[in-house]
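Reader: Hi! Could you walk me through this one? I'd like to start with how the strands pair.

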Amino acid sequence: MTKNLMKGYVVVVVLALIFLSFIMFRFTTNVYQEKEEQSVGEFKDLEIIKQTEDTVVLHGTLPERDLGNECLGFLSSHEEVRVYAAGGLAYALNRGPNVFGGTTGQVWNFINLRTRYALQPVTIQIRSVYGRTPEVPTIYIGSKPSLLMMIVGKNIVPYCICILALLLGIVMLVYWCYIHHQTYIKPDMLYLGIFSILLGIWSVNEVSIHVLVLQNHVIISYIAYITLMLLPVPFVMFVRSLYQDEKDWAWNIALFLALVNTVVSIVFQVFRIQDMNQMLKYSHVVLGITGLVLIYYSVRAIRRGNLDRRIKINIVCIFLDIAGLTADVLNYYFMSREFDSNMFGRLAFFTHIVLLGWSASKESTALMKKGREAAIYEKLAYRDQLTELFNRTAFEEDLERLWEEKDTTLIIMMDLNDLKKCNDTLGHDAGDRYIKNAARMIDTVFHDKGKCYRIGGDEFCSVMKTEESDVEQRFFDELRQLEQEYNEASSIEQIAIAYGYARFDKEKDATLMDTRNRADVMMYEHKKRMKAGEAS
């Protein structure tokens with residue numbers, strides 16, 4: 001079930017990326033900006049002169065001063081805007097001809113003022129694209145650089161937190177991939193890294209400063225919606241892996257609902273059944289159900305006891321996450337748009353990621369160190385130190401393991417001729433060189449087809465699985481070629497390798513060791529023929 005859910009999650013992510021790519025290149029907004037030579041009005045204060053189910057109209061007069069280097073600025077969210085000055089249209093923000101429905105996204109509107117606008121009337125009309133009563137925005141007036149600095153100043157801290165979450169997720173993902181290649185570790189950090197990346201992407205698109213960075217205001221909104229819908233999956237996978245409750249059925253409810261919600265929201269958007277903004281309440285419901293599932297398993301983990309440090313930290317952070325998300329949802333529905341409606345959840349999740357990411361990195365580093373130590377011990381236990389081929393212990397264990405595949409097992413035994421003579425006449429250094437060079441030849445010929453072993457002083461073996469009936473002669477021809485090339489180039493020790501082979505035969509062999517013994521007999525017969533000059 002877990003593998004199927006992860007496959008489903010990948011499919012949904014791909015679908016979401018395709019959808020966002022289409023929006024990026026096809027969604028547009030029509031912006032009208034009054035040209036400098038046009039007659040415009042002025043600003044003094046604003047009051048509501050009209051308010052309907054989907055529209056708010058503000059009217060006032062501009063102040064009596066030189067406004068040539070100033071502008072009006074205010075934030076609109078999924079609203080069309082029209083600004084009239086001196087009886088003419090000064091600025092308009094309209095939906096573009098979008099295929100999958102229409103919204104203006106979240107936009108900072110800047111209306112340039114003119115010197116002649118002093119004491120002139122101005123009217124601002126704001127209409128919701130979703131038929132809701134628009135919230136009256138805070139209208140700012142001043143030079144554009146000062147307005148930009150004010151927006152940046154108010155949003156720089158949450159914006160930096162979002163970027164840090166994104167970068168932290170990328171670091172964890174890269175670190176997990178690196179550690180994963182070194183030793184086996186649980187996928188906790190992988191899931192946490194994916195969640196951190198999605199959290200960073202979602203929250204950075206919810207910070208109004210980001211509207212100043214990206215000009216495509218529509219894609220900003222849809223990236224935020226889709227990443228919010230995808231967030232529960234890696235987080236639930238992370239907590240489930242941490243709690244070691246992967247087979248418990250309730251986890252799959254949260255995972256399944258998150259995937260279904262994402263797919264349905266995209267389909268509804270594409271076919272203009274409902275916009276993602278209108279589907280947002282269902283995403284909040286899914287987050288609520290996910291929170292209940294996390295609370296249930298956290299409470300169960302507490303009751304079971306025997307909690308390690310990471311699980312204790314995670315339980316505390318989960319309750320902080322849920323409290324932060326609850327506050328953010330309430331703020332979204334009941335607070336002003338000027339208030340950062342995702343502040344509490346963002347801080348809670350960022351704290352969670354930092355604490356658990358640091359703990360996971362320490363644990364994975366310790367595992368990697370143990371893995372290196374284990375690899376060293378394994379090498380000492382199963383490798384011949386002179387040739388670095390596998391040793392007799394590895395050979396005997398592999399024969400037992402290969403019993404299930406005995407019908408296709410081929411064993412080749414090899415022995416070095418005149419090794420004692422080489423030691424006696426040229427010294428043990430030459431003998432060691434003889435063994436190492438012969439081992440290199442044997443490994444060159446056989447390592448791609450099977451495993452090679454040094455099972456005695458001058459005795460070698462290769463074990464492989466093959467159904468080819470005449471493959472042995474090809475190996476031996478290749479081995480003889482390597483011997484000839486070496487002996488022609490060497491004026492010291494000359495290498496000669498005797499060999500024999502046997503396939504498992506159920507009529508002759510009770511074990512694979514019997515097969516090995518038959519290969520050994522054949523090898524010694526070949527050795528005698530070589531010494532008698534009857535074979536090469």
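Author: Happy to. Two strands count as paired if DSSP finds at least two bridges between them, and strands (E, at least two residues) and helices (H or I, at least four) are DSSP runs numbered from the N terminus. This is a predicted model, where local features need pLDDT of at least 70 and side-chain atom pairs count only at pLDDT 80 or more, while totals for chains, interfaces and linings use all residues. Residues are numbered from 1 along each chain as its sequence is written, and side-chain values use heavy atoms, without hydrogens and water.

Reader: Good. How many bridges join β3 to β8?

Author: Seven, with β3 (residues 55-61) and β8 (residues 121-128) running antiparallel. To find your way in the pair, look at Val56, whose bridge partner in β8 is Ile126.

Reader: And which way does β5 pair with β8?

Author: Antiparallel, over seven bridges, with β5 covering residues 79-85. Here Glu80 stands opposite Arg127 of β8.

Reader: What is the strand order in the open sheet of three strands?

Author: The order is β7-β4-β9, and the pairing is antiparallel. β7 (106-112) and β9 (140-143) are the edge strands, each pairing on one side only. On average, neighbouring strands of this sheet are turned by 30° against each other, direction ignored; the axes are lines fitted to C-alpha atoms (for helices over the stretch in contact), and angles run from 0 to 180 degrees between N-to-C directions.

Reader: How many bridges does β4 share with β9?

Author: Four, again in the antiparallel sense, and β4 is residues 70-77. Glu70 stands opposite Ser143 in β9.

Reader: What's the phi of His78?

Author: Near 55°, so it is a positive value in a residue other than glycine. For background, most residues other than glycine have a negative phi. His78 sits in the loop between β4 and β5.

Reader: Is His78 buried or exposed?

Author: Buried, at 8% relative accessibility. The cut-offs are under 20% relative accessible area for buried and over 50% for exposed, with partly exposed in between (1.4 Å probe, protein chains only).

Reader: And where is Arg272 found?

Author: In the loop between α7 (250-270) and α8 (276-304). Arg272 has a positive phi of about 55° although it is not a glycine, and it is exposed, with a relative accessible area of 52%.

Reader: Switching topic: how many disulfides does the structure hold?

Author: Zero, taking a disulfide as a pair of cysteine sulfur atoms within 2.5 Å.

Reader: Why does Cys452 have no bond to Cys461?

Author: Because the sulfur of Cys452 is 8.6 Å from the closest cysteine sulfur, in Cys461, which is too far for a bond. Cys452 is buried, with a relative accessible area of 4%, and Cys461 is buried too, at 0%.

Reader: Last one: how many cavities of 30 Å³ or more are there?

Author: One. On a 1 Å grid over the protein atoms alone, a cavity is a set of points where a 1.4 Å probe fits but cannot get out, and lining residues have an atom within 4 Å of a point. Points are joined across faces, edges and corners, and the volume is the space filled by probe spheres set on them. The largest cavity holds about 30 Å³ of space.

Reader: Which residues lie nearest its centre?

Author: Leu62, Ala85, Leu113, Tyr117 and Val122, out of 10 lining residues. By class, that lining has nine nonpolar, one polar and no charged residues. Nonpolar covers Ala, Val, Leu, Ile, Met, Phe, Trp, Tyr, Cys and Pro, charged covers Asp, Glu, Lys and Arg, and the others, Gly among them, are polar.

Conventions
1 Å grid on protein atoms, 1.4 Å probe; cavity = no way out; pocket = protein on both sides within 12 Å on 5 of 7 lines; lining within 4 Å.
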